[in-house]
Structures are given as C-alpha cells and as structure tokens.
Amino acid sequence: MNKTIQSLIKKFVQIEVSGKKILKGTLIDVGTDLLVIFNGTDYIYIPINHIQCFCVIQKNEFDTVLTTESYSIKSGENNANLSLEVTLKQAEGKNSEIYLTDDQPLHGCIIRIMKDYFEFYSPVYKTMYISINHLKWLIPYTTNEAPYGLNNNYSKLSANGTHVNTFKTRIEQFIDKMIVFNIGGSKSHIGKIKNVEEQVIELEKARATKDYLNIDHIKTIHEV
C-alpha cells in the first residue's frame with residue numbers, strides 16, 4: 001500500500017482518470033492497485049493505472065457526508081490486501097456500474113472473471129466480454145437495487161460458452177461472426193471477424209471493406 005496515498009485517507013480528493021474524466025469524493029481506502037472514494041452516493045473503485053493525477057480539495061469545494069453503511073468490498077479471504085482482482089471477484093454475481101469509455105457506463109452483472117477479461121451481462125447489450133485493462137472504475141450497487149428497475153435474478157445467470165482464459169482467445173471464438181467492439185461509442189467497430197493473428201484483428205465491414213484493429217485497444221466485444 002502506498003504510504004503517501006494512505007496518508008490522505010478521509011480527505012476530500014479530486015481525481016483525473018484516463019480520458020480526462022474527473023471524480024471527486026472522500027478517499028476511503030487504498031489497495032495494492034486501486035483506490036476507493038465515496039462521492040456522497042456511491043463507493044467508486046478506481047484502478048490506479050488509470051489515475052492521471054489527483055489532489056486534495058477543500059471541504060467547502062466539495063462537501064459530502066459519509067454513509068453509515070459500510071462499503072461492501074474491502075479485502076479478500078484471509079485478510080488479503082484490497083486489489084482490483086479481489087474487488088472483481090467480490091463483485092461477481094452482483095449488480096454493478098462499470099465505466100470504460102465515451103460517457104457510456106454499463107449497468108449489469110459480472111458473471112465470470114478470467115485472466116485478463118471478465119464476462120458481463122447487460123440488460124441492454126446482453127452477454128459482453130470486457131478487457132480488465134480498460135476498466136476505469138466500478139460502482140457496486142446497493143443490495144436491493146437492479147438496473148433499469150428490472151427484476152432479473154442475475155444470481156441465476158451462468159457463464160456463457162466454453163472456458164477461455166485470455167481476451168485474445170475469447171475474440172478468436174468469434175471468427176466469422178458479427179460483433180460490436182467498444183459498445184457503439186465513437187471508437188466502436190461493427191462487422192464480421194475474418195481473422196485474428198498475433199495482435200491484429202481483421203474485421204470485414206458492411207460494404208466488404210476491412211479494418212485492421214490492435215487487440216490492445218479493444219475494450220469490449222459482444223455478438224449481434
């Protein structure tokens with residue numbers, strides 16, 4: 001745990017996240033690779049690798065009252081340090097909001113966590129596969145809350161398809177299928193995967209033109 005950051009616990013902070021997104025709140029906890037802040041409504045889990053910079057702000061600039069309800073994800077079994085891996089595992093099977101790109105948070109449930117990606121069920125996009133490296137932050141829902149007021153019982157959802165350990169291998173499972181990369185945002189791609197070779201995806205678009213995409217910049221994939 002970073003002692004410098006740990007010394008700021010219970011202080012009001014402003015955090016700039018990749019994509020020039022600004023988050024403000026009370027610093028609650030510091031893990032091995034993420035921070036937890038409370039913004040007056042939600043506990044937000046932010047991977048450190050997406051934090052560009054942060055600073056302490058005055059209370060009169062940002063005022064919030066800590067909830068009396070303890071935040072739900074603290075540490076792993078046997079008092080393991082709080083980390084992104086621990087956070088994702090404890091969020092598995094629970095409703096959450098996650099943020100990746102383009103002002104489009106995703107709401108739904110983490111179904112299964114793999115080496116470098118996780119399977120996510122969204123009431124809007126259905127089954128999605130999301131690169132852990134591109135997760136900017138995660139907000140666990142409160143116990144009785146469900147996305148869009150739906151009554152879906154996500155605890156009964158089972159992992160989809162075969163056990164595939166890496167994001168690249170999962171993408172290869174979609175060869176010759178219609179997919180959407182990056183959830184329809186400004187950097188989205190829609191088409192049929194023709195081939196995956198090393199870090200390059202060959203994607204055939206609507207008029208038979210082709211794009212060649214770097215896997216490292218793929219945030220999400222779902223079939224259509």
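Is Glu 202 buried or exposed? In this predicted model, Glu 202 counts as buried, because its relative accessibility is 16% and the cut-off for being buried is under 20%. The side chain of Glu 202 meets that of Lys 210 in a salt bridge, with 2.7 Å from N to O. Lys 210, at 37% relative accessibility, counts as partly exposed. Side chains of opposite charge can pair in this way when their charged atoms come close.

The count of salt bridges comes to six, and two further examples are found within helices. Lys 168 pairs with Glu 172, the closest N and O atoms being 2.6 Å apart. These two residues are separated by about one helical turn, because they stand four residues apart in helix H3 (residues 167-172). An α-helix has 3.6 residues a turn, so residues three or four places apart point the same way. Both partners are partly exposed: Lys 168 has a relative accessible area of 25%, and Glu 172 has a relative accessibility of 27%. Helix H2 offers a similar arrangement, in which Lys 89 and Glu 85 lie four residues apart, about one turn of the helix. Their side chains form a salt bridge of 3.1 Å, N to O.

Helix H2 also has a buried side to its story. Leu 84, Val 86, Thr 87, Leu 88 and Ala 91 of H2 are buried. What covers these buried residues includes the strands S3, S4, S6 (95-99), S7, S8 and S10 (137-140). After H2 comes Gly 93, which has a positive phi, near 85°.

The next topic is the nonpolar interior. The largest nonpolar core has 23 residues, and those touching the most other members are Leu 88, Ile 98, Leu 106, Phe 118, Phe 120 and Ile 130. At least two residues of this core come from each of strand S3 (34-38), strand S4 (43-47), helix H2 (84-91), strand S7 (106-113), strand S8 (117-122) and strand S9 (126-131). Another core, of 17 residues, lies apart from it, and its members include Tyr 117, Ile 171, Phe 174 and Ile 221. To see the largest core through one residue, Ile 98 is a good place to look: not counting residues up to four places away in sequence, Ile 98 touches Pro 105, Leu 106, Phe 118, Phe 120, Ile 130, Leu 135, Trp 137 and Leu 138.

Where does His 222 sit? His 222 belongs to strand S15 (residues 220-223). With a relative accessible area of 6%, His 222 is buried. Leaving aside neighbours within four places in sequence, the contacts of His 222 are Tyr 125, Thr 127, Met 128, Met 178, Ile 179, Val 180 and Ile 183.

Thr 41 gives a contrasting picture. This residue is in the loop between S3 and S4, and Thr 41 is exposed, with a relative accessible area of 61%. From C-alpha to C-alpha, Thr 41 and Gly 25 are 9.7 Å apart in space, while in sequence they are 16 residues apart.

Finally, open space in the model can be examined. The second largest pocket holds about 330 Å³ of space. How many residues line this second largest pocket? The lining has 19 residues, and Thr 101, His 134, Lys 187, His 217 and Lys 219 lie nearest the centre of the pocket. Sorted by class, the lining of the second largest pocket consists of four nonpolar, 10 polar and five charged residues.

Conventions. Residues are numbered from 1 along each chain as its sequence is written. This is a predicted model: local features need pLDDT of at least 70, side-chain atom pairs count only at pLDDT 80 or more; totals for chains, interfaces and linings use all residues. Side-chain values use heavy atoms; hydrogens and water are left out. On a 1 Å grid over the protein atoms alone, a cavity is a set of points where a 1.4 Å probe fits but cannot get out, and a pocket is an open set with protein on both sides within 12 Å along at least five of seven lines; lining residues have an atom within 4 Å of a point. Grid points are joined across faces, edges and corners, and a volume is the space filled by probe spheres set on the points. Ala, Val, Leu, Ile, Met, Phe, Trp, Tyr, Cys and Pro count as nonpolar, Asp, Glu, Lys and Arg as charged, and the others, Gly among them, as polar. A nonpolar core is a set of buried Ala, Val, Leu, Ile, Met, Phe, Trp, Tyr and Cys residues joined through side-chain atoms within 4.5 Å. Buried means under 20% relative accessible area, exposed over 50%, partly exposed in between (1.4 Å probe, protein chains only). Contact means heavy atoms within 4.5 Å. A salt bridge is a side-chain nitrogen of Lys or Arg within 4 Å of a carboxyl oxygen of Asp or Glu.
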